[in-house]
Each structure stands twice: as C-alpha cells, then as structure tokens.
Amino acid sequence: MIEDTMVSIRDGTVSFRVLSSGRGPHVVSFHSFHERGGWSPFLERLAARYTVHAPLHPGVGGSVGVETLEDVFDLTLAYEELLDALGIGSASLVGHFFGGMVAAELAAVFSERVARLVLVSPLGLWRDDAPSADLLILPHDDLPAALFRDPASEVARRWGAVPESEEESLAAQIESIQRRASMAKFVWPIPDKGLKKRLHRVAAPTLVLWGDADRANPVAYAEEWQRRIKGAALRLLPGGHMVLHEVPEVAAAAVAEFLGQ
Amino acid sequence: MKICFFHLMPYRFLPDDFEHRYRSVWVDPPHSLFDPEKCSGLYHEFLDELEFAETQGFDGLCVNEHHNNAYGLMPSPNLMAATLTRRTSRAAVIVLGNSLAAYNPPLRVAEEFAMLDLLSRGRLVAGFPVGTSMDMNFAYGIDPATLRDRYYEAHDLVMQAWTRPEVFAFNGRYTQVRYVNIWPQPLQKPHPPVWIPGGGSVETWEWTAKLDYVYCYLSYYGYKRGKATMDGFWEASARVGADDNPYRAGFLQLVCVADTDAEAERLYFPHVHYFYQKCLNVWEGFAEAPGYRTLKTLQTGTKPQVGAQAKKIRQSLDWQKYLDQGYVIAGSPKTVREQLAECIKTLRVGHLMVLLQIGSMPKDLTLHNTALFAREVMPHVRDMWPGYKDRWWPSGCAS
C-alpha cells in the first residue's frame, strides 16, 4: 500500500507530493529526469525492509513551487525542511542521476541528517573529456538507446511507448516538458554547480552504484565521486543508465546489503 | 502603411548536402563550413542591400539578433544599426532587437539603444525579444525556467533607466545596481518606440498590448499560417481594452517579385529552397529547451517553428507549395500586389516587414527584387489604413 500525501513547507509556497510505503528505518529516494510517476518496482522491493519516502521534485507530478526556488542551495534547504515536515531526524538517501545530485548536496550540507548515502549514476560533476549526455533535450525517439542497456528490451519498450490518442499524447508531452524543465532549472546549462567544493563534507558511508553499460553518464565519473567522497564504495551492476528499472531486484538487493538494518 | 526592409544576413555558402550531413544550422553547425573571407564580403553586400532599400523608398530597415546561427550572421544587430545611422538619413532604424535577458547588466541595452537613437537623430525603433530558445538557452546558456522572468525584469530596468529623472537603485531578483544613471539618454521622448518580436507565446500578446507596444510576428511560414497568431494577438489586445489600430502590429513576409510568375520561379526558387531546407534545418533537440515555453502556451498545442515536425513538412515542399501555403508571396507585380494586400488586410498589419534577400540570394538579384518591389508593389499597398495614426513610429522620421 502506497501512501500519497502532499507535504508543505514555507507556508505552502513549496509543496511536495510524497509517495511512502513500507516499515523499518527511513529511506528517502530522489528521482531523475526520466522517471515518471515516482514509484517503481525498485522502490517496492526496498519497501519490504525500509520505510521508503519518494518525494517528487518541485514542479514534477503534483509537487509545486519550483518557481520560488532560486538555485541548488535553495532546493537543498527545501529538502531539509521536508525532512522536518515528515518528522524524520535522519535517513538514508538514495538518488539517481539528478536525484543523486540532490542526495549528495543534502549529505554535504546537512551531514548529521544522513545515515547512509547511495548514489546511482549521480549527476553534479563535470569533466570536459567525458561529458554526460544531454539527457534533458534528447528527442524522445533517441532516448531509449541512451538510457537502456538494451533499447529493445521489454522495460525500454514500455518506457518509450507513447499514448495513441492525440489528446493523451499532447498531455504526455507537456508532462515530460514540465518534468524536465523543473529539474533543468538547477543544472542548466552544465550540471556543475559547485558540488565538487562541498563533497569533502559528506560524512555518511557512501555507495556509488553504476550500470556497467551506462551510455548517458560515463562510468568514468564513478572514480571522480570516489576520489571526492572519502571511503565511498563502488559497485557496478549489469545495466544501462536506467539500471534501477532494468534490474530492480539486483539493484534493491545491492542497496539493502549496503544499508543493512 | 509602413513598409520595412528586413535582413537576416544568412551565410550563403552552405554545401549542397548540408541538411543531410549536418543536424543543425543553429547552435552547433561546425566552423569548418565558415569562410571568414567570404563572410567579410557578405557583411558589405548585406549592408549595401539595406542602404539601397532606403534609396528605393522603404520606410524602415530592420536588423535582428541571432547566435551560433548560419542563417543569421548578426550576433550584434546594434553594430549593423550603427553603420546604418551613418549611411542613411531618412529610414527608421529598426532593431528587432536585443534579447534583454542576455545582457549583463541589461542596462547595456538601454545605453546602446540610446546611442543609436542619438546617432540616428531619433530614428530608432527599440525591439525587445525574449529571444529564441536556440539563442538564449543553448547558445547563451540561460536557464529556460527563468528566461522570461529575467526578460520582464530587464525590461522594467531598461524602461526605468530611460524615463526616471533621478539616479535610482534597482534591487531585482536577477540584477542589482546601486546607481542606475545611464549616460547618454535617448533623443526620443519619453523613449524610442518599442516593438516586441514574438513567436506565438500567449503571455506576450497580452503583455505587449497592455504596455501599448507593437507586436511583431517574425514568421517564416507566411501570412496564411500567421493568421492564428495575429488573431491571438488581436483578441488579447481587445481583452485588455486596447483599440484595433493596425499599427499595433507588425508581420514579416517573404516576397519575390519578377516580371512574370514563371520568371519568379526561375529566378528565386533555388534561393527560397535553400532558405527552407538549409536555413531552417534545426535539430529537434535544440528546437525548444524544456521550460522555454510556458505551460499556458504549451496547452494551446502549437508547435515550434523548427524541429522534427516542421522539418517533415518542409521536406515535401516545391515551388507551388511554397506559394499555395503562402510561405512566400512570389510572382509578377500583379500577383504579389493582390496577395500582399490580402496579407495586410487579413492580419491587420500596419507595419509590414518584407524579406527580399532570401537564403542564398546574391546581391544583384536582391537589388533586382528590392527595386521591383519598391517600384511595382509598394505604391499600391501604401494607403491601406487611412484614418489610423501610427503612434509607434520614430519621431526622427517623417511620418
């Protein structure tokens, strides 16, 4: 059973839609550009052992107030306020790509509130010699090849399917544009907003997860993250950029093994 | 009726297979295609064409701003306008315009436009576009989510800098200046006329009408398709209580004039085709950054002027289709006169801008087109709006 609640901060100028499920220690999960809906088989599996909260980023899927947030720092503060509003003292954080950046920012700025940190192909660092793909703007037809290890797989085809009716198709396009625009605000035009200067503050034990066939965010970045977060472990999983969706069971097991109880 | 000569300054030497080999004419066309020697010549060719237009009786000369763009070699229209102020003496100098959000601080625009107004002795029209997504989000790296907000704030700053008598502080969300006090101030009072080039954003219509500016639709797809947008503007205008003075509106139309209809096809088709197939070949990913258009505009279901869908439509075009769909008004003087009159009437446009240099069109042909248009067409559409006063024309030009 998934609880679907709106949680407001700042006198209601920012409201998060939060999907929650499960029991056990708190885990907060942050999504990226190309995950619709907020809940997933990966989270479902985590919810078997943890209380999982999956907030949708402001501007996405019912969460509102992105226009009042100035920058990444403001977004980080807003998420810390969300933890207060949810009554969570400290939690483990899991974040994918853009969500990984958010989780890392929180762990760097509010280290006391983060028990353990799991970064899945995170965004937020930049290398001129290995730029991450411009996933925010890739046309829909080009995305499966960038996102999935096997673009012909069932999961990739399901992801790429477009509604038949013109009305639904327009609505889907608008949803996609709004979703990407809401996150683009914090990483445009290059996703390097100073995190590299803050990562040394991360105190939580950290696991970096990567799909071994990630064509969108080169595995080369994994070393970069390990170098900047002392003691971070790296684990490669069989999958592409959408590894959490391609192998949800394997990914959830890897995360649970790291988080323990 | 005011008739203005518009120049995009396109690079005329893209390879024949450009649209098949390269994904985009805008944002990332490779430099290897750019020949500086040729471009040096092009600038003089284009300026000659603009200056020639004044001698032929055009009311205004229009320049505009693009970046990383092989069909618009004018990152700084102000430089072009500056040279025109010295070589012309009668025509309005219409800069359409400076994309306010791209200037830091936006006071730079207030200053340069003031300089142009003084240099031209009050012939400047100040254009303030939001700027295309390709220019602003991709070439200049401005975040699409805040672009419009930055634009509105910059507009307020520029207008205050031109009109407030005192030195003042401006504490904006995007720009903070402790001492706003631009020297020089513009010649025209209270400020040069303001025209807003738009691409069909719903919000821009109302905003423009409310502030009593001119709305210009710079479309490449002609008057038939432009009607929905101009109707949208006129409806928004009525909603905010503005009158229906046609001089509130401007429209850009591609035009080719020849002695006969057949001659028009022979002379102009290759250049028109170059324009639509090469110059508008923009990669889908660059057509519109997420957040560039507002939710309200997206909900109207209109598509961007460039990108995959637009490309599909363009690829099927031949001369007859260009004409039938009204993308280009072309033919004998009689043909052009009739269609142009229809364009002006149906869109209710007091400021007509014509694109007479199109795509790869060389100078001799451009001058031919310009002279024929001025002699055989212009006099016949001059008196289209009797009884209306153009309140948006520079005071330094005879009206």
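Chain B contains 14 helices and 11 strands. Helices (H or I, at least four residues) and strands (E, at least two) are DSSP runs, numbered from the N terminus. The model is predicted: local features need pLDDT of at least 70, side-chain atom pairs count only at pLDDT 80 or more, and totals for chains, interfaces and linings use all residues. Residues are numbered from 1 along each chain as its sequence is written, while chains are lettered from A and ligands numbered from 1 in the order in which they are written.

Start with the overall form of chain B. Its C-alpha atoms fill a box of roughly 60 × 45 × 45 Å along the principal axes. The radius of gyration, taken over C-alpha atoms, is 20 Å; this agrees with the value near 21 Å for a compact globule of 399 residues (the rule is 2.2 Å times the number of residues to the power 0.38). Of the 399 residues, 52% are buried, meaning that 20 or more other C-beta atoms, placed from the backbone, lie within 10 Å of their own. Contacts (C-beta atoms within 7 Å) often span the sequence: among those between residues at least 6 apart, 77% join residues at least 24 apart.

Now take helix 3 of chain B, residues 77-87. Its buried residues are P77(B), M80(B), A81(B) and L84(B). They fall within an arc of 100 degrees seen down the helix axis, so they line one face. The arc is that of the directions from the axis to the C-beta atoms. The cover over these residues includes helix 2 (36-55), strand 2 (60-63), strand 3 (92-95) and helix 4 (107-119) of chain B.

Finally, the partner chain. In all, 14 residues of chain A contact 15 residues of chain B. The chain A side divides into 11 nonpolar, one polar and two charged residues. Ala, Val, Leu, Ile, Met, Phe, Trp, Tyr, Cys and Pro count as nonpolar, Asp, Glu, Lys and Arg as charged, and the others, Gly among them, as polar.

Key
A residue is buried if 20 or more other C-beta atoms lie within 10 Å of its own, exposed if 12 or fewer, and partly exposed in between; C-beta atoms are placed from the backbone. Two residues are in contact if their C-beta atoms, placed from the backbone, lie within 7 Å.
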